[in-house]
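The following report is meant to be read beside the sequence and the model. It goes through metal sites, a helix, aromatic pairs and a single acidic residue.

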Amino acid sequence: MGTESATPVYLRIAISIPLRKSFDYCLPDDWQSPPPRPGSRIKVTFGNKSVIGVLLYIHHEKPAYKLRAIGEVLDYQPLIDPHLLELLNWAADYYCHAIGEVFATALPARLRQGMSANKSPVYRWTAVIDTGEQQAKLANAPKQQALYQFISSSKDGRQEFELNANFVNWRAPLKALEQKNLLSQNDVSNKPSDFHYQAPDYRLNPAQQKALDTLIDNSGHFMTLLLHGVTGSGKTEVYLQSSLHMLQQGRQVLILVPEIGLTPQLVASFQSRFATTIAVLHSGLNDRERLDAWLSARDGTAKIIIGTRSAVFVPLQAPGLIIIDEEHDSSFKQMEGFRYSARDVAIKRASLLNIPVLLGSATPSLESFSNVHAGKSTLLHLPDRTGEASHPDIFRLDLRGHKLTGGLLPHSLKTIKEEIDHGGQVLIFLNRRGYAPAMVCDSCGWIAECHHCDIRMTVHRRDARLRCHVCSHEIPLPDSCPDCGSNQLIKLGYGTEKLEDVLQEKFPDAGVIRIDRDSTRRKDAFQKIIQSVRSGEKKILIGTQMLAKGHHFPQVGTVIIVDADNGLYGLDFRAQEHMAQLITQVAGRAGREHRHGKVYIQTWHPDHPFFEALQSQPYYDFCHKLLKEREVTGMPPYSYLALLRVESNQMTQTESFINQATQALKELAPPQLEILGPAIAPLERKAGYFRMQLLLKSAHRAELRRILSQWIALMDNMKSAKKVRWSVDIDPYNLY
Ligand code: ADP
Ligand code: ZN
Ligand code: ZN
C-alpha cells in the first residue's frame, strides 16, 4: 500500500487507557498485504510505550497530527467479530466510557497481554481394541479396570469433564492404562462438543409449557421475555428446555448468573442434562482457563456458556438465546470503572443479534415489570411451585417492648424450637456480618471509627479484628480504650457471628451454621455448607443476603427475618424494592415439601403499609404499587438518571471541580433537565477521599445522552479535573 496512487489508509485503534478517545495510525511504508481487519489486535507505540490495541475501523480521512505506523498485527483472523465490535462501541458510547477500557473488560487477560488466541488441548481417550492378555493385566488393578470400562463403554471415548464427574482420582490409573497401550488420546479442543440430552422424568406443567412454547415461537427474532416464577416454580426447567431447542438448531445459549459460586446448582443442572462441555466464565478462573472458555464460546465448540457479568461480552459463534437468571440482582451492575449493567447490555446485544432474551426471577425488578406494562417485554408467569409445596404464611412480629436475645424476640426463639422439634430446619436472615456493628468505650464514649471513612468499624470476634466494611481497613481488636485506657469496651448491636454464638448456646444439639462472606471465603466452603444443610446435619442456618440467591433447602419450614426495617427508611430510592425482593426471596426458601412454611418478620414498625401490602398481595401487584410511587416521584423507570461522583483527598478540590462542572452543565442543559445538587455524598469520606455528587434526571433518554456527551467532553478538558477523581454513572444503581 506504500504506492502513491493507492487511497491512503488510516487505522483507528482502541488503546486501553482511561481516555474517551481512540487513535489513528498508518501502515508502514513497506506494507505489502491488504490492511488488517477490524477486530484484530495490533501492537502500536503509544507515548513511548509499546501497547496492544484493537483495530476499530479503517478510514481515509487524513488526521491533522503526524501519524505513526502500526507494529505487528497479532491476529490473522479478527479476534472480535463485527457484531461484537458494534456492541462494544455501543457500550462505550452509551456509558460514556473510554473505549479502550471497554475492550479491556471484554478481552481475557492473556489476549490483552498479546498472547496468541490458541486453545489448550482438550483430550479425549478412547479404548484400543485389546488382546486378552492385556485385559488380564487389569485383573489386579480395580481402579484401572473401572476406568477402562467406563471409557470403553462409549464408542467415542470419554473426556476430562466426564472422568471428573465419575472418578475422584483418575489421572494415575489413566496414565497406567496409557502405558499399557490400552487407550488412545486425541486432542478434541477444536471439535464442536456434541450433547446427549437426558430428559427429566416429569412433564412440564401447563405454565412451563406455555412459557417454552412462547419462547420457541419467537426464537428467530429479538424479543424480551420476563419469566416470573417463585423459587421452585420450575424456571430452571424452562431454561433447560429452551436451551435444548437452541442446541437442536445448532445455536449457542449464553446464560448470565449473578455469582457462579452461589449458583453451582444451575451449572450442575445444565451439565447433567446435556452431558456436554460447558464454557463457564467467572472470576475464579485462572487466565489460561478463562482464555480457553472464551475461545470455546468464540469458535462454537462450546454450545452452552454460563458466566457472570462480564460474560455478556463473550464472543459467540452462533448465538441463539441469552438467558439472565435472577435478573433483578444488583451484581449485574458493575459499580466501578466501566459502570455497565450486564442485563441492559444483554438486551441490547439480543436486539443487535435479533435473538430472544429471557430474563428470569422470583422477584423481577421494577424496570422489567414496567417494560411489560409498556409492551416492550412479554410476561411469562409460573404461578405455582412444582410438586406439593405451597406458599408460606407471613407473620409480623412487633419488636417494641420486648427483651431481645441476640436480636431475637422470645416468640422467634419459640418458633425455632418448635420447628426443630418437628424435625425441620430454620433459616434466620440477618444482613449484617461480623459480631457487632460497633464498639464503644463505656467510660469516655469513644467509638471505633475507620480512619479513612466516616463509618464505624465492625467487630469481628472470630478473627479478633475491627474491620471497616467500606474500605476493608482493619486493626486488631483493642482490649482497652485508645483514648482513656479503660477496659470497659462494649460491643454494641449484633451481627451474624453473635447470633451464631447465642443460638449455639440456646440450641446446643441443633447444629448451627453461619453463611456469610466471612464463613465462605475459602474455596469450596460454600458448597460444603450447602451440603451440610441439605443432609440435615445442621438445623439452624444463619445467613446474610447470600442466602437469598436461588437455593433450595427443602427442609426449611421456618424463616425469621431479624431486621426488616432498613428497607423502609433507607436513603436509596430502591430500598423498598430491595427489601421486598429480599423478603420474597427469603420467604421462598420456606415451605417444606409436605408442610406449610412460615415466615416471621421482626420489625419496629409492624403497621407500616409496606408490610401490609407485601403480605396481602402477590409480588406483582405489590410492584405495581411501588411503580406508582416511582411515577409520582419521577424516579426510574419513569426517568433516566446519571450521577456525577467526584472525590479527592481535599474537600476544597472536590468542591471546586464539582462547582465548575455544575456551572458548565447549567449553561448546556435545557430547562426541563433536572439538576439535583451538587451535594455532599451520603458517605462523605471514603477510603480517605472526600466525596460530592451531582444528579441529572430527565424524562428523555436521548436528550440526557446528548447533554452528557457534550458535558463530559467539557469536563475532560477542565484543569480542575486533574486534581480529582470523577466519574459519571449512567443509570446508577444507587445514589451514593
Ligand atoms: P426454579 O428454577 O424456579 O427455582 P427449578 O426449575 O429448579 O425451579 O424446579 C424446582 C424443582 O422442581 C426441581 O427439583 C425440578 O427438578 C422440579 N421440577 C421442575 N419442573 C417440574 C415439573 N414440571 N414437574 C415436576 N417437578 C419439576
Ligand atoms: Zn475510653
Ligand atoms: Zn474505611
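## Zinc sites, a helix and ring pairs

C471 counts as partly exposed because its relative accessibility is 23%, where buried means under 20% relative accessible area, exposed over 50% and partly exposed in between (1.4 Å probe, protein chains only). C453, by contrast, counts as buried, because its relative accessibility is 1%.

This is a predicted model, in which local features need pLDDT of at least 70 and side-chain atom pairs count only at pLDDT 80 or more, while totals for chains, interfaces and linings use all residues. Residues are numbered from 1 along each chain as its sequence is written, chains are lettered from A and ligands numbered from 1 in the order in which they are written, and side-chain values use heavy atoms, with hydrogens and water left out.

Both cysteines belong to a zinc site, and the table sets out the two sites. Donors are N, O and S atoms within 2.8 Å of the metal (3.2 Å for Na, K and Ca), and since water is not among the atoms, sites may look incomplete. Four donors count as tetrahedral if all angles lie between 85 and 135 degrees.

| Zinc ion | Protein donors | Distances | Angles and site | Spacing |
|---|---|---|---|---|
| ligand 3 | C450 (SG), C453 (SG), C468 (SG), C471 (SG) | 2.2 to 2.4 Å | 106 to 113°, tetrahedral | C-x2-C-x14-C-x2-C |
| ligand 2 | C441 (SG), C444 (SG), C481 (SG), C484 (SG) | 2.3 to 2.4 Å | 105 to 111°, tetrahedral | C-x2-C-x36-C-x2-C |

At the zinc ion (ligand 3), C453 lies in the loop between β17 (438-441) and β18 (458-460) and C471 in the loop between β19 (465-467) and β20 (474-476), so this pair ties together parts that are 18 residues apart in sequence. Helices (H or I, at least four residues) and strands (E, at least two) are DSSP runs, numbered from the N terminus. At the zinc ion (ligand 2), C441 lies in strand β17 and C481 in the loop between β20 and β21 (489-492), so the parts tied together are 40 residues apart in sequence; C441 and C481 are both buried.

Helix α20 (residues 651-668) has 18 residues, which at 1.5 Å a residue should span 26 Å, and its end C-alpha atoms are indeed 26 Å apart; the expected span is 1.5 Å times one less than the number of residues. Its buried residues are M651, T654, F657, I658, A661, T662, A664 and L665. They cover an arc of only 165° around the axis, which puts them on the same side of α20, the arc being that of the directions from the helix axis to the C-beta atoms. On the other side of α20, T652 and E667 are exposed. The cover over the buried residues includes β26 (640-648) and α21 (701-716), with contact meaning heavy atoms within 4.5 Å.

The structure holds 20 aromatic pairs; rings of Phe, Tyr and Trp (its six-membered ring) pair if their centres lie within 6.5 Å, and planes under 30 degrees apart count as stacked, over 60 as edge-to-face and the rest as tilted. One of these pairs is F195 with F274, edge-to-face at 6.1 Å centre to centre and 65° between the planes. F195 lies in the loop between β7 (183-187) and α8 (206-217) and F274 in helix α10 (residues 264-274), so that the pair links distant parts of the chain, 79 residues apart. F195 is partly exposed at 24%, whereas F274 counts as buried at 0% relative accessibility.

D292, in helix α11 (residues 287-299), counts as buried at 17% relative accessibility. Leaving aside its neighbours within four places in sequence, D292 is in contact with N118, K119 and S120.

Technical notes. Tetrahedral: all angles 85-135°; square planar, octahedral: opposite > 155°, others 65-115°.
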